[in-house]
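This report looks at strand pairing, one loop residue and an internal cavity. The sequence and structure are shown first.

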Amino acid sequence: MRINKYLSESGITSRRGADKYIDAGRVKINGELAELGSQVEEGDIVTVDGRPVTLEKSYVYLKLNKPRGITSTTERHIKGNIVDFVGHQERIFHIGRLDKDSEGLILLTNDGDIVNEILRVENKHEKEYVVSVDKKITDEFIERMAAGVDILGTTTLPAKVRKINDRTFNIILMQGLNRQIRRMCEALGYEVRQLRRVRVMNILVDDLKLGQWKDLSQQEKDELFRQLDYQPKR
């Protein structure tokens, strides 16, 4: 970012005023006198008259309807990574994971603190899925999925499970073990054919088409922060 834009966005002065500050030798970047057109990089220390000038952190919170084939990773060398797929101007990262073969709602942000609040297991935040399997769903299957299934050396927490039709069910989890729903179904003799997440806490995938993303509305953010008892650090 050009130094005059940096100073104007900090609220110190206008861009024209910033140019005057620079001409007067009042502005330094990392201890060196700034010049007209100097660039400010992330991590640089900018001072005016010896006093540090910082930009208020602008946080973004968005939801994506992830299609199959996109990997929940910020590692850019991995083909089909979620960061390149979204292509946001900010350096964002995903909150939790949705495996490559699954689709649906995933949240992304550049606010590292909120990630921990949402993912903390003891907070028992709900995540809702619609799942299709390879054969007819029985009452016993629904009961066992709801009660808890032995996978990965543990028993899954009780879940809310509802049959939608002969091969499709709805499940609400409050934990996020690796490929949990797929492993639970497999342990009971079923194979997942389609898995779609439709909700995380109060955030719904709504009418987002596969591959689309949008910023959370103010109402969505307010309710999310309320449920988390959280306020972004500015």
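Which residue stands opposite Arg196 of β13? In this predicted model, Val130 stands opposite Arg196.

## Strand β13 and its partners

Strand β13 covers residues 192–200, and strand β7 covers residues 103–109; the two pair in the parallel sense over two bridges. In this pairing, the bridge partner of Glu103 is Arg196 in β13. Arg196 also has Val130 opposite, as stated above.

Strand β8, residues 127–133, runs antiparallel to β13, and seven bridges join them. Beside the pair of Val130 and Arg196, Val131 has Leu195 of β13 as its bridge partner.

## The hairpin of β13 and β14

Strand β14 is made of residues 203–204 and is joined to β13 by two bridges, with the strands running antiparallel. Arg199 has Leu204 in β14 as its bridge partner. The hairpin formed by β13 and β14 has two residues between the strands, and Met201 takes a positive phi near 55° there.

## Strand β8

Apart from β13, to which β8 is joined by seven bridges, β8 pairs with strand β12, residues 168–173. The pairing of β8 and β12 is antiparallel and has six bridges. Within it, Lys127 stands opposite Leu173 in β12.

Strand β8 is mostly covered, with six of its seven residues buried.

## Asn110 after β7

Asn110 lies in the loop between β7 and α4, the latter spanning 112–119. Is Asn110 buried or exposed? Asn110 counts as buried because its relative accessibility is 7%, and the cut-off for buried is under 20%.

The side chain of Asn110 also has a partner in the backbone: it reaches the backbone nitrogen of Val60 at 2.8 Å.

## The cavity

How many cavities of 30 Å³ or more does the model have? The count comes to one. The largest cavity has a volume of about 40 Å³. Its lining consists of Tyr61, Leu62, Ile95, Leu107, Leu108, Ile114, Ile118, Leu216 and Leu224. Three elements, β5 (61–66), β7 and α4, give two or more residues to this lining.

By class, the lining of the largest cavity holds nine nonpolar residues, with no polar and no charged ones. Strand β7 thus appears in two settings: β7 pairs with β13 in the parallel sense, and β7 is among the elements that give two or more residues to the lining of the largest cavity.

Key: Residues numbered from 1 in each chain as written. Predicted model: local features only at pLDDT ≥ 70, side-chain atom pairs only at ≥ 80, totals over all residues. Heavy atoms only, no water. Pairing = 2+ DSSP bridges. Helix = DSSP H or I, 4+ residues; strand = E, 2+ residues; numbered from the N terminus. Buried < 20%, exposed > 50% of the residue type's maximum accessible area, 1.4 Å probe, protein only. Polar contact = N/O pair within 3.5 Å; in protein donor to acceptor, adjacent residues only side chain to side chain. 1 Å grid on protein atoms, 1.4 Å probe; cavity = no way out; pocket = protein on both sides within 12 Å on 5 of 7 lines; lining within 4 Å. Points joined across faces, edges and corners; volume = space filled by probe spheres on them. Nonpolar A, V, L, I, M, F, W, Y, C, P; charged D, E, K, R; others polar.
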